[in-house]
Amino acid sequence: MGTVDQQQDEFGDGTRVVHGGHPAPEGGRPLFPGPVFAAPYHLGETGPSGDFYGRAGNPTWRALESAIGELDGGHCVLLPSGMAAISTVLRAVLRAGDKLVLPSDGYYATRQFVTDEMAELSLDVHEIATPGPWGDEVFAGARLVVLETPSNPGGDVCDIAELAKRAHAAGALLAVDNTTATPLGQRPLELGADIVIASDTKALAGHSDVLLGHVSVGDEELAQRLVRARTLSGAIPGPFETWLAHRSMGTLDLRLARQAENAAALVEALSDHPKVSGLRWPGWSQDPSHELARRQMRRFGGVFRFELPDREAVESFVRRSELVVAATSFGGVHSTIDRRAQFGDPVSEGFVRFSAGCEDPQDLVTDVLKALGSSA
């Protein structure tokens, strides 16, 4: 009988997240080893063999990288946050004057990083909304095309496989921010992407207490470049945070299932509410992106969006809700609401990103409808 890692492709999602990255059973050892805290390691009599310094390697990282890499279908490089992940990719791939394509409706900090921190490279930056239009001129001369699908915060979807083909035909690499979907919801590498980026702060760690990110790639040489960039920049994850995320990942399948169940129930309840407009969730049959999302996504998560009349309506909703709190993240076990205009996204004052947590579905629907019904 082979090891769990050798059999990953034969198992379902629940088994993969529970067993991924764990050592083979051995008498007297814990089922799940604790974090390794080390700055220097013993060099031995003949010099470095294996780990030698904490900035260059840690077995706790490698355990989680193995688990995530199995889910993504590539070589995983762990980083201390989602922004560390995207910034490391951009720095490793791009050179002065390169053409970069970014989603105009994706996470705002990605665009801000390029504008503020990469200005010295004089990049040729093109921004395009997730739904397009994706004309040939978008890809012409590009070095890197970055997608975010479903987009954050809008929830739009684009065709990864088709855009990967067109990017490759133009000589470009294609990267996908997969934070909203998670490795269980979508596998961009299998759809033709070269790079997958994610903030594991969100659903993968899932308990609103850890900052972490990762990059997965199919090309081993690119993976080594990313590891080298991590080592030289010092942008390394802490072993305790890594261990917490790995422990939390064991319930990812269960958490995503409940979050999607709650999102579906809430979207259904809000679909004809008089105070709600602009309702979007890729898992909703009436969503404009649903058919495409259904083809390329393996499951839908708990994040959706809608609009209330104004800022005051959102604030009133939060005050009156017993279960939903205002917070600027998503994917956790608690349901949260985030009014995105306050962070500079080009959306209306009443635009909210809702992250359905793991509460009882009926309790959550009842609470949300009550809070909406009482808001002014």
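**Close-up views of a predicted model**

**View 1. Strand β7, covered on both faces.** On one side of β7, G213, V215 and V217 are buried, and on the other H214 and S216 are buried too. Here, buried means under 20% relative accessible area, exposed means over 50%, and partly exposed is in between (1.4 Å probe, protein chains only). The model is predicted: local features need pLDDT of at least 70 and side-chain atom pairs count only at pLDDT 80 or more, while totals for chains, interfaces and linings use all residues. Residues are numbered from 1 along each chain as its sequence is written, and side-chain values use heavy atoms, with hydrogens and water left out. β7 spans residues 213-217; strands (E, at least two residues) and helices (H or I, at least four) are DSSP runs numbered from the N terminus. In a regular strand, side chains alternate between the two faces of the sheet.

**View 2. The strands paired with β7.** Strand β1 (residues 75-79) runs antiparallel to β7, with 5 bridges joining them. On the β6 side (residues 195-199), the pairing is also antiparallel, over 5 bridges. Two strands pair if DSSP finds at least two bridges between them. Look for V217: H75 is its bridge partner, and I195 stands opposite V217 as well.

**View 3. N152 and its surroundings.** N152 sits in the loop between β4 (142-148) and α6 (160-169). With a relative accessibility of 11%, N152 counts as buried. Its side chain makes a polar contact with the side chain of R353 at 2.6 Å. A polar contact is a pair of N or O atoms within 3.5 Å; within protein, one must be able to donate a hydrogen and the other to accept it, and residues adjacent in sequence count only if both atoms are side-chain atoms. Setting aside neighbours within four places in sequence, N152 is also in contact (heavy atoms within 4.5 Å) with D105, G106, Y107, T180 and F330.

**View 4. S289, just ahead of α11.** S289 belongs to the loop between β8 (277-280) and α11 (290-296), and is buried at 7% relative accessible area. A polar atom of the S289 side chain lies 3.5 Å from the backbone nitrogen of V157. Not counting residues up to four places away in sequence, S289 touches D156, V157 and R280.

**View 5. Salt bridges around α2 and α3.** There are 20 salt bridges in the whole structure, each a side-chain nitrogen of Lys or Arg within 4 Å of a carboxyl oxygen of Asp or Glu. One of them joins the side chains of D51 and R62 (2.7 Å, N to O). D51 is in the loop between α1 and α2 and R62 is in helix α2, so this pair ties together parts 11 residues apart in sequence. R91 and E120 form another, with their closest N and O atoms 2.7 Å apart. R91 lies in helix α3 and E120 in the loop between α4 and β3, so the parts tied together are 29 residues apart in sequence. R91 is partly exposed at 37%, whereas E120 is exposed at 53%.

**View 6. A pair within helix α8.** In α8 (residues 220-233), E221 and R225 are 4 residues apart, or about one helical turn. Their salt bridge has its closest N and O atoms 3.6 Å apart. Both are partly exposed: E221 at 46% and R225 at 28%.
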